[in-house]
Amino acid sequence: MRAVSRALGAAALALAALLTAAFAAAVVWTVVSRYGLGRTPIWAEELPRLLLVWAAFLGAGAAEARGGHLAAGLTPLFVRSARALRAIGTLRDLAVIAFAGFVVWATIDLVAIAGGGTTTALALPAAAFYWSAAAGLALIGFAAAARLLSRDG
């Protein structure tokens with residue numbers, strides 16, 4: 001399960017990097033269009049925002065899959081017992097799984113509220129913004145569960 005989590009994290013990181021590059025290109029094109037050509041693209045506000053939100057949530061999921069999202073490395077400085085460190089890690093992973101599950105559940109409610117609406121400029125489903133949270137938090141929860149299940153003891 002840990003190998004699957006890392007593979008999903010690597011894929012999410014690659015996609016987040018691609019979305020970040022697309023975000024940068026969209027912003028550059030918007031600036032060139034606005035100030036160089038005198039015309040602002042209709043998608044100038046909506047597309048970069050959508051790309052950035054998806055990149056952020058996928059990047060957060062990728063960081064958790066690598067074990068770095070909530071790991072500042074300070075606990076071992078204060079706690080010397082291996083048993084206590086293991087217990088703290090277990091509690092951390094359980095809290096992350098619970099929070100991720102809650103956010104995914106809340107996202108489903110937000111999608112229901114958004115209904116069949118579409119975005120103004122791109123006519124994408126309005127829920128496209130909310131699904132980014134579900135995707136990122138599902139990956140975070142999966143990574144925490146994989147770490148929890150692979151822990152010794």
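Which residue forms a salt bridge with Glu64? The partner is Arg147, and the closest N and O atoms of the pair are 2.3 Å apart. Keep in mind that this is a predicted model.

## A network of charges

Start with where the two partners sit. Arg147 lies in helix H5 and Glu64 in helix H2, so their salt bridge ties together parts that are 83 residues apart in sequence. Is Glu64 buried or exposed? Glu64 has a relative accessible area of 2%, so it is buried. Arg147 has 10% relative accessibility. That value is under 20%, the cut-off for buried, so Arg147 counts as buried too.

Arg147 has another partner. It forms a salt bridge with Asp93, with 2.8 Å between the closest N and O atoms. Asp93 belongs to helix H4 (residues 82-114) and Arg147 to helix H5, so this pair ties together parts that are 54 residues apart in sequence. Asp93 is buried, with a relative accessible area of 0%. Asp93 also meets Arg92 in a salt bridge, at 3.3 Å from N to O. Arg92 is partly exposed, at 31% relative accessibility. Shared partners join Glu64, Arg92, Asp93 and Arg147 into one network. The count of salt bridges in the model comes to 4.

## Helix H1

H1 covers residues 2-37. It has 36 residues. From first C-alpha to last, H1 reaches 50 Å, close to the 52 Å expected at 1.5 Å a residue. Just after H1 comes Gly38, which takes a positive phi of about 80°.

Which residues of H1 are buried? They are Ser5, Gly9, Ala12, Ala16, Leu19, Ala26, Thr30 and Ser33. An α-helix has 3.6 residues a turn, so residues three or four places apart point the same way. Look for that spacing as you read along the list. The cover over these buried residues of H1 includes H2 and helix H5 (128-150).

Take Ser5 as a close-up. Ser5 lies in helix H1 and is buried, with a relative accessible area of 2%. What does Ser5 touch, leaving aside neighbours within four places in sequence? Its contacts are Ala65, Phe142, Ala143 and Ala146.

## Helix H2

H2 runs over residues 46-65 and has 20 residues. Its reach is 29 Å from first C-alpha to last, close to the 28 Å expected at 1.5 Å a residue. Gly67, just after H2, takes a positive phi of about 85°.

The buried residues of H2 include Glu46, Pro48, Leu50, Leu51 and Ala55. Others are Leu58, Ala60, Gly61, Ala62, Glu64 and Ala65. Which helices do they pack against? The answer is H1, H4 and H5.

Arg49 is also found in H2, but it is partly exposed, with a relative accessible area of 45%. Arg49 and Phe23 are 26 residues apart in sequence, yet 8.0 Å apart in space, C-alpha to C-alpha.

## Nonpolar cores

In soluble globular proteins, nonpolar side chains tend to be buried together. How many residues make up the largest nonpolar core here? There are 8 residues: Ala12, Ala16, Leu19, Leu51, Ala55, Leu58, Ala62 and Leu139. The elements that give two or more residues to this core are H1 and H2. The largest share, 4 residues, comes from H2.

A second, separate core has 7 residues, among them Val96, Ala100, Ile140 and Ala144.

Ala55 gives a view of how the helices meet. Not counting residues up to four places away in sequence, Ala55 touches Ala16, Leu19 and Thr20. Ala16 and Leu19 are among the members of the largest core, as is Ala55.

## A nonpolar patch outside

The surface has nonpolar residues as well. Val28, Trp29, Val32 and Leu37 form a patch there, with about 390 Å² of accessible area together. Is Val32, one of these residues, buried or partly exposed? At 38% relative accessibility, Val32 counts as partly exposed. Val32 is placed in helix H1.

Notes
Residues numbered from 1 in each chain as written. Predicted model: local features only at pLDDT ≥ 70, side-chain atom pairs only at ≥ 80, totals over all residues. Heavy atoms only, no water. Patch = residues over 30% accessible without salt bridge, like charges linked within 9 Å, V, L, I, M, F, W, Y side chains within 5 Å. Areas by Shrake-Rupley, 256 points an atom, 1.4 Å probe, with all protein chains shown as cover. Salt bridge = Lys/Arg side-chain N within 4 Å of Asp/Glu carboxyl O. Buried < 20%, exposed > 50% of the residue type's maximum accessible area, 1.4 Å probe, protein only. Core = buried A, V, L, I, M, F, W, Y, C linked by side-chain atoms within 4.5 Å. Contact = heavy atoms within 4.5 Å. Expected span 1.5 Å × (residues − 1).
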